[in-house]
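Me: I've got this model open and I'd like a close look at a single part of it, the open sheet and what sits around it. Could you walk me through it in plain words?

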Amino acid sequence: MSALLELRGLNVFYGAFHSVHGVDISCREGEVLSLIGANGAGKSSTLRAIIGQVPRVTGEIRFAGEDISRRTTPERISSGIALVPEGRQLFPNLTIEENLKIGGYTGQKGSIGLAEVYEIFPALSERRKQLARLLSGGQQQMVAIGRALMMNPRLLLCDEISLGLSPKIIAEIYEVLPRIRDHGVSMILVEQDIARALSASDHVACMLEGRISLAGPSSEVSREQIAASYFGE
Ligand SMILES: Nc1ncnc2c1ncn2[C@@H]1O[C@H](COP(=O)(O)OP(=O)(O)OP(=O)(O)O)[C@@H](O)[C@H]1O
Ligand SMILES: [Mg+2]
């Protein structure tokens, strides 16, 4: 099966700083890939490079068989990639529903609309007129995921969706991922919770200081391999 997303020799630069070094990653259609690594390893830079939000990139970014590395962010979203950004970045003074609709204005038309997002996250349905800033962290994260889903992506990039949330809420959010997948959405999950990342994904890639230090099926990598590739010990 050919890859939905394929990075070949990806480099990311912030001015003179070389953040991501020659990264090769592929994610097949229908697959969940977890991308793990310590603080500063280059996970967010890799996701932002895929969606076109870093200042300078070299290497190939192939999506659905085409090199998209020269395309603008809106063009990439239109072709079927959506990012749930680090820190959620909602509009605090808009309601849940208004935030979701903003996602619907971009991206593609498809099977996911407000009704489907509310079905995936019933907690949002009950509060649709509430301002985003009055929501709990978990509810805000659901809105951020819902907004990205409204773009009807083929590939959903999630940057640390569990950050700052309680274990109970993290479990709730992870429980719905299979239902998102049922809509035909492939996912790359950036995660610092290694156990969570492994159990939710088919494949795992670990980054260490801007490079891929381990890649393989999530069910086959050992704790020792992860520890070594995560901390470089
Ligand atoms: N806008 C930026 N300007 C300059 N350097 C940056 C910028 N964003 C990230 N970096 C640097 O690039 C490297 C990788 O950062 P990145 O945010 O991709 O890591 P990360 O794996 O997502 O880390 P975290 O787990 O802390 O979110 C770090 O050394 C970071 O300081
Ligand atoms: Mg990050």
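Reply: Here is a walk through the sheet, from one edge to the other, and then the metal site.

First, the ground rules: this is a predicted model, where local features need pLDDT of at least 70, side-chain atom pairs count only at pLDDT 80 or more, and totals for chains, interfaces and linings use all residues. Residues are numbered from 1 along each chain as its sequence is written, chains are lettered from A and ligands numbered from 1 in the order in which they are written, and side-chain values use heavy atoms, with hydrogens and water left out.

Six strands make up the open sheet, in the order β6-β7-β8-β3-β9-β10, with mixed pairing. Strands here are DSSP runs of E with at least two residues, helices are runs of H or I with at least four, and both are numbered from the N terminus. Two strands count as paired if DSSP finds at least two bridges between them. β6 and β10 stand at the edges with a single partner strand each, so one side of each has no neighbour in the sheet. From one strand to the next, the twist averages 15 degrees.

Let's start at β6 (residues 81-84). I81 and L83 point one way, A82 and V84 point the other way, and all are buried (under 20% relative accessible area with a 1.4 Å probe, protein chains only; exposed is over 50%, partly exposed in between). That fits a simple rule: in a regular strand the side chains alternate between the two faces of the sheet. β6 pairs with β7 (residues 155-159) in the parallel sense over four bridges, and L83 stands opposite L157.

Now hop to the other edge. β9 (residues 203-208) and β10 pair in the antiparallel sense over six bridges, with L214 in β10 as the bridge partner of C206. After β10 (211-217), in the loop leading to α9 (223-231), you'll find V221. V221 counts as buried because its relative accessibility is 14%. Leaving out residues up to four places away in sequence, V221 touches L198, V204, L214 and I226; touching means heavy atoms within 4.5 Å.

Last stop, the magnesium ion (ligand 2): its protein donors are S44 (OG) and E86 (OE), 2.0 to 2.5 Å away. S44 is in helix α1 (residues 43-51) and E86 in the loop between β6 and α3 (96-105), so the pair ties together parts that are 42 residues apart in sequence. Donors are N, O and S atoms within 2.8 Å of the metal (3.2 Å for Na, K and Ca), and sites may look incomplete because water is not among the atoms. S44 is buried at 13% relative accessibility, while E86 is partly exposed at 34%.

Technical notes. Axes fitted to C-alpha atoms, helices over the stretch in contact; angles between N-to-C directions.
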